[in-house]
Amino acid sequence: MSAGMHSLGDLEALAYQVAMGADEAISETPVNRYAQSAALVAQKAAPPRVAPGPVPRPTEETAAEDAIGAARALSGAATTLEELEAALAAFEHCDLKRGARSLVFCDGRPEARVMIIGEAPGRDEDIEGRPFVGRAGKLLDRMLGAIDLGRSATDAERAVYITNILPWRPPQNRDPKPEEIAMMKPFVERHVELVGPDLLVLMGNISCQAMLGRRGITRLRGSWTETLVRPALPMFHPAYLLRNPAAKREAWADLLSLKARLRQSARP
Ligand code: URA
């Protein structure tokens with residue numbers, strides 16, 4: 001038979017071989033078609049792949065979310081300052097509570113137009129159960145007195161109300177951790193709502209971090225901003241002023257700004 005001519009039987013045989021997978025005339029390496037088809041059968045028989053479920057999150061993250069949820073629920077249910085203090089006392093998620101002697105809730109007059117938010121109690125505050133009673137607190141009282149404000153003034157115009165971001169003293173007066181601030185923030189927000197001051201003063205970086213989500217007190221201080229639908233003034237913390245007396249000049253300017261704002265917005 002000539003090269004270009006095939007019988008029907010040859011063509012059928014070729015088609016059969018192609019259909020069986022013999023599509024290469026010759027290969028570099030031998031191919032074991034039995035092994036290939038066995039692998040194909042095994043692949044078909046394998047159980048279908050299950051889509052991966054949600055990746056379990058680290059328990060610390062879940063615990064932090066639980067704590068914030070509990071803080072929101074407890075603080076949100078409080079309708080008076082007494083109830084809010086009781087809610088804080090019942091809050092078990094913050095480890096600082098176990099190392100502290102006192103729950104430091106507030107000082108001053110709830111009817112005050114100015115609410116001051118500090119950082120956390122120190123040793124003296126932990127012993128006394130009141131905010132800003134140590135050296136920094138004494139300086140704060142002198143600063144407020146210079147613009148005729150005070151925590152024991154009985155009229156709302158001259159009174160102040162004082163609290164902190166954290167109600168329990170951190171060990172060795174270390175900085176509050178971001179997770180502690182996040183956990184206690186719902187209580188501070190409710191505290192502000194229940195007091196209803198006209199103006200807020202945010203003392204230092206921790207207070208600004210918690211209430212404004214920003215740090216950098218040297219840049220923030222002296223510029224009025226807003227939080228919880230109220231004007232808020234970031235100021236140097238009195239403890240910082242004790243360490244850096246030269247910064248009292250700026251603190252004085254901020255106090256004058258506070259006084260001017262109170263005058264401008266005086267209640268009828
Ligand atoms: N510093 C604060 O921020 N708060 C206090 O109560 C005492 C010192």
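User: Which residues line the largest cavity in this model?

Analyst: In this predicted model, the largest cavity is lined by Leu88, Val104, Phe105, Thr163, Asn164, Ile165, Pro167, Met184, Phe187, Val188 and His191. The space inside the largest cavity comes to about 70 Å³, and the structure holds 1 cavity of 30 Å³ or more.

User: Which elements give two or more residues to that lining, and how does the lining divide by class?

Analyst: The elements that give two or more residues to the lining of the largest cavity are β3 and α8, and α8 gives the most, with 4 residues. Sorted by class, the lining of the largest cavity has 8 nonpolar, 3 polar and no charged residues.

User: How should I read the buried residues of a helix, taking α4 as the case, and which residues are they?

Analyst: The general idea is that an α-helix has 3.6 residues a turn, so residues three or four places apart point the same way. In helix α4, which covers residues 81-89, the buried residues are Leu81, Leu84, Ala87 and Leu88. Looking down the axis of α4, one finds these buried residues within an arc of 115 degrees, so they line one face of the helix.

User: What do the buried residues of α4 pack against?

Analyst: The buried residues of α4 have four partners to look for on the model, namely α3 (59-77), α5 (96-99), β3 (160-164) and α8 (178-195). One of the buried residues of α4 is Leu88, and Leu88 is also among the residues that line the largest cavity.

User: How do I read a pocket, and how much space lies in the largest pocket?

Analyst: Unlike a cavity, from which the probe cannot get out, a pocket is an open set of points. The largest pocket holds about 610 Å³ of space, and of the 27 residues that line the largest pocket, the closest to its centre are Glu119, Ala120, His237, Ala239 and Arg243. The elements that give two or more residues to this lining are α6 (123-128), α7 (135-146), α9 and α11 (238-243). By class, the lining of the largest pocket divides into 10 nonpolar, 8 polar and 9 charged residues.

User: What lines the second largest pocket?

Analyst: The second largest pocket has about 200 Å³ of space, and its lining is made up of Ala63, Ala64, Ala67, His93, Cys94, Asp95, Leu96, Arg174, Lys177, Glu179, Glu180 and Met183. At least two residues of that lining come from each of α3 and α8, and by class the lining of the second largest pocket has 6 nonpolar, 1 polar and 5 charged residues. A related pair is Glu61, which is placed in helix α3, and Glu179, one of the lining residues just named. Glu61 and Glu179 are 118 residues apart in sequence, while their C-alpha atoms are 9.7 Å apart in space. With a relative accessible area of 38%, Glu61 is partly exposed.

User: How do I read the phi angle, and where do Phe132 and Gln172 lie?

Analyst: As a general guide, most residues other than glycine have a negative phi. Phe132 has a phi near 50 degrees, a positive value in a residue other than glycine, and Phe132 lies in the loop between α6 and α7. Gln172, which is not a glycine either, has a positive phi of about 50 degrees and is found in the loop between β3 and α8.

User: Are Phe132 and Gln172 buried or exposed?

Analyst: Phe132 counts as buried because its relative accessibility is 6%, whereas Gln172 counts as exposed because its relative accessibility is 72%. The cut-offs that this reasoning needs are under 20% for buried and over 50% for exposed.

User: Which residues does a buried residue such as Ser207 touch?

Analyst: Ser207 is found in helix α9, residues 204-212, and counts as buried at 0% relative accessibility. Not counting residues up to four places away in sequence, Ser207 touches Ile117, Gly118, Ile165, Leu202 and Leu212. The side chain of Ser207 also reaches the backbone oxygen of Ile117 at 2.9 Å.

User: Where is Leu200 placed, and which residues is Leu200 in contact with?

Analyst: Leu200 is in strand β4, residues 199-203, and at 0% relative accessibility Leu200 counts as buried. Leaving aside its neighbours within four places in sequence, Leu200 is in contact with Met115, Ile117, Val192, Trp224, Thr227, Arg230, Pro231, Ala232 and Leu233. Leu200 and Leu233 are 33 residues apart along the chain, and their C-alpha atoms are separated by 6.3 Å.

How values were computed
Residues numbered from 1 in each chain as written. Predicted model: local features only at pLDDT ≥ 70, side-chain atom pairs only at ≥ 80, totals over all residues. Heavy atoms only, no water. Buried < 20%, exposed > 50% of the residue type's maximum accessible area, 1.4 Å probe, protein only. Arc of directions from axis to C-beta. Contact = heavy atoms within 4.5 Å. 1 Å grid on protein atoms, 1.4 Å probe; cavity = no way out; pocket = protein on both sides within 12 Å on 5 of 7 lines; lining within 4 Å. Points joined across faces, edges and corners; volume = space filled by probe spheres on them. Nonpolar A, V, L, I, M, F, W, Y, C, P; charged D, E, K, R; others polar. Polar contact = N/O pair within 3.5 Å; in protein donor to acceptor, adjacent residues only side chain to side chain.
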